[in-house]
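Subject: Structure for you, with notes

Hi,

Here is the structure I said I would send over. Have a look at it first, and then read my notes underneath.

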Amino acid sequence: MDQRRSKWRTVVVAAAVGAGVLSTPQTAAAIDDGLALTPPMGFNNWNSTHCRADFNEAMVKGIADIFVDKGLKDAGYQYVNIDDCWALPQRNEQGDLVPHPERFPNGIKAVADYVHGKGLKFGIYTSAGTKTCNKDGGFPGGLGHEEQDAKLFASWGIDYLKYDNCNNQGVDAKQRYTKMRDALKATGRPIVFSLCEWGQNKPWEWAKDVGHLWRTTGDIGDNWNSMVSIAKRNMVLADYAGPGHWNDPDMLEVGNGGMTDVEYKSHFGLWAIMAAPLLIGADLRKVTPHTFEILGNKDVIAVDQDKLGVQGKAIRSEGGQYVFVKPLSNGDKAVLLFNENDSGAQISTTAQEIGLPKSFAYTVRDLWAKTTAHSAGSISAALPPHGSAMFRVSAGGDWYSYPPAVTAGADAAVLYPGAMPLVTPGKPVTYTTTVRNTGRTPIMNLSAKLFVPDGWSVQAKTSTTKLILAGEKQFQTTWEVNVPTTAEPGRFPVNAAFAYTTPQSRTPVSTGYQTEAVVPGAAPTGVKFLSDHKWLRAVNGHGPVELDTTNGEAKAGDGGPISIRGQKFTKGLGTHAPAHIEYYAGGNCTKVTAVVGIQDNKVNPLSLVTYEVWGDNTKRYESGPVTGTDPAKELSADVTGATVVRLIVTDGGNGKSYDHANWGDLKITCA
Ligand code: GLA
């Protein structure tokens, strides 16, 4: 669709509303009101407190204080929002919502006034249903009370409303949300309207004129799999977002403790490149200085808040390695290189690929390292597992005053792209360090080193130093690492260190790269249920892979017995597309067998997957399409000689919905 033309239509209709010409909600385009021209930034308590008692007036005030004191307000954070559980379960005699007297003894207006007093804005929550979502029964929702509740909120000085979807009584979503939009508009107070409909009715297709942002997915959890699966669902909706109407992949988990700092940086970077709302979900009174560094990174925030308002897209994604690009208003491009995998990865793109004009050189700002370098055209990074790098790239500029951009990393020889760096005790393994000068000018006095765990040995097989490395050239060293026969199973750090000088600066540059070596546990012996054997790693499309039950929903352990067309299995795996589970077989096994199919109580017309079994880098079995009505299928795969056996479920090409894929009676036969 032609964005510009549709926006124009909206502008015309909005002007007509302003002149009091139109009044029917169907045609009103009240949302083109100048609010949320960049994605909303602020705070919401839900991800850290849920309904716990520490969600109260003191918390909200504390957050507002911290926004000011820690520079977050300066960085652009504006809305301090409260979520579910702020009210009593019953309305009062006048039918008004009543603030919870213990949490908010002075009422909501007093808190809003406090927040406003800090130069910030205040937001509230309710549901487009008869009750809200909280499991203890919920408090009264807005369905049928839209005008009364909107008026009350406006009288308290509310600036933002998150409107949830629970207990909606089956009433059409567009109708429910439009009703509240009109009620908010009728108050005359500018209120950002956030649709929390979880993407159930594809709000991106109809909510542009209803709300300023709409949730695209179910709730985020404070863990890597949840965050990544939500990012993947949100990223394909880029074309629907723009100033005043944003895709909302849910509030941030940064700082809540369930991910590493590397992972939280990837989370924050993904949200920023996708022009997502940045609503902090951690209790800032309790977080580490690192959390403030991530949330307060003004260069990353500037990407999110760029006034062009384009949601960045993944222009390339293969095997868990992503190149995201977001055009910026001054002609620069923001780039996010993202490594979803459990193993390190060197990811590259070029100025041409990201759509910058031809230039002799480019200026590359590293938004996390806060350094600026120049490049002849390639933009690359050596990334740790789950890591990302974020750059702002401009054509030309005064590039010659900056040193060349250099990427330095280390890789183990692996069985297939993206594989874990497995090492076998007693056997030597090769690592390669690579230094790439992507600039136009040389770097000098280059040296590389590799460090292994105590008791292991490492020896360089080729030169470790180079006097001059010209622009657009790379320098590699191969290393032989010996793992003692006594090494226990586990993941061990292998660190590379590099030093060099550049013509642009007097001080030597030193950089490091951390990779690892994985010592696997013993391979299975005899005939074993794989659900009784520890996997090397597992990735699942929705919630975790479950042992001996089906995959339920997002929570761990919430699946029931495995059941395929009435056939029940007490052993097996419950997965959800796209899934990838790896077992160490050490060349010791010959066969994998299972009975596969979609879980009975999760069957939907959209259920469609394929099952694959791989031995290292070769596919040993493929099921073809499996739908929710297909009978249970006998699977048998010859895995002779494989070091790693990989079980894969794809989404069958129709998206990863309703793909609860069972592996009943899953067994491996080994020596
Ligand atoms: C739903 C929403 C969450 C949160 C809770 C509150 O699950 O999606 O973001 O607001 O309700 O109960």
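Let me begin with the empty space. The second largest pocket has a volume of about 1,200 Å³. It is lined by 41 residues, and those closest to the pocket centre are Asp-366, Ala-369, Ala-381, Ala-382 and Gly-512. Please keep in mind throughout that this is a predicted model.

Which elements build the lining of that pocket? At least two residues each come from helix H9 (261-273) and from a run of strands: E13 (362-366), E14 (371-375), E15 (378-383), E16 (388-395), E17, E23 (490-502) and E24 (505-519). Strand E24 gives the largest share of the lining, with 7 residues.

There is enclosed space too. The structure holds 1 cavity of 30 Å³ or more, and the largest cavity contains about 60 Å³ of space. If you want to find the largest cavity on screen, select its lining: Asn-44, Asn-81, Tyr-160, Lys-162, Ser-194, Cys-196, Arg-215, Asp-248, Asp-250, Met-251 and Leu-279.

Now back to E17, which you just met in the pocket lining. In what order do the strands of its open sheet run? The order is E17-E18-E22-E20, 4 strands with antiparallel pairing. Strands E17 (406-412) and E20 (457-460) are the edges: each has a single partner strand, so one side of each has no neighbour in the sheet. From one strand to the next, the twist averages 20 degrees.

At the E20 end of that sheet, E20 pairs with strand E22 (residues 473-482) in the antiparallel sense, over 4 bridges. If you would like a landmark there, Ala-460 has Trp-479 in E22 as its bridge partner.

Asn-482 is worth a click while you are in this area. This residue is found in strand E22. Is Asn-482 buried or exposed? Neither, quite: its relative accessible area is 25%, so Asn-482 counts as partly exposed. Leaving aside neighbours within four places in sequence, Asn-482 is in contact with Lys-427, Pro-428, Trp-456 and Ser-457. The side chain of Asn-482 also makes a polar contact with the side chain of Glu-480, at 3.2 Å. One more distance for Asn-482: its C-alpha atom is separated by 9.1 Å from that of Thr-424, and the two residues are 58 apart along the chain.

Next, strand E38 (residues 660-670), which has several pairings to trace. E38 is mostly covered, with 8 of its 11 residues buried. Here are the pairings I looked at:

- Strand E25 (residues 527-529) pairs with E38 in the antiparallel sense over 3 bridges, and Val-527 stands opposite Thr-669 in E38.
- Strand E30 pairs with E38, again in the antiparallel sense, over 5 bridges; here Gly-572 stands opposite Gly-664 in E38.
- Strand E32 (residues 589-598) and E38 are joined in the antiparallel sense by 8 bridges, with Asn-662 in E38 as the bridge partner of Gly-597.

E38 also holds one of the backbone oddities. Asp-665 lies in this strand, and its phi is near 55 degrees, a positive value in a residue other than glycine. How accessible is Asp-665? Its relative accessible area is 29%, so it is partly exposed.

Asn-445 is another such case, with a positive phi of about 55 degrees although it is not a glycine. Asn-445 is found in strand E19 (residues 443-451). With 46% relative accessibility, Asn-445 counts as partly exposed.

Last item on the backbone: where is there a cis peptide bond? One joins Ala-577 and Pro-578, with omega at about -10 degrees. Pro-578 sits in the loop between strand E30 (572-576) and strand E31 (579-584), and E30 is one of the strands paired with E38.

If you are short of time, I would look at the pocket of about 1,200 Å³, then the pairings of E38 with E25, E30 and E32, and finally the cis bond between Ala-577 and Pro-578.

Cheers

Definitions and conventions:
Residues are numbered from 1 along each chain as its sequence is written. This is a predicted model: local features need pLDDT of at least 70, side-chain atom pairs count only at pLDDT 80 or more; totals for chains, interfaces and linings use all residues. Side-chain values use heavy atoms; hydrogens and water are left out. Buried means under 20% relative accessible area, exposed over 50%, partly exposed in between (1.4 Å probe, protein chains only). Two strands pair if DSSP finds at least two bridges between them. Axes are lines fitted to C-alpha atoms, for helices over the stretch in contact, and angles run from 0 to 180 degrees between N-to-C directions. Contact means heavy atoms within 4.5 Å. A polar contact is a pair of N or O atoms within 3.5 Å; within protein, one must be able to donate a hydrogen and the other to accept it, and residues adjacent in sequence count only if both atoms are side-chain atoms. On a 1 Å grid over the protein atoms alone, a cavity is a set of points where a 1.4 Å probe fits but cannot get out, and a pocket is an open set with protein on both sides within 12 Å along at least five of seven lines; lining residues have an atom within 4 Å of a point. Grid points are joined across faces, edges and corners, and a volume is the space filled by probe spheres set on the points.
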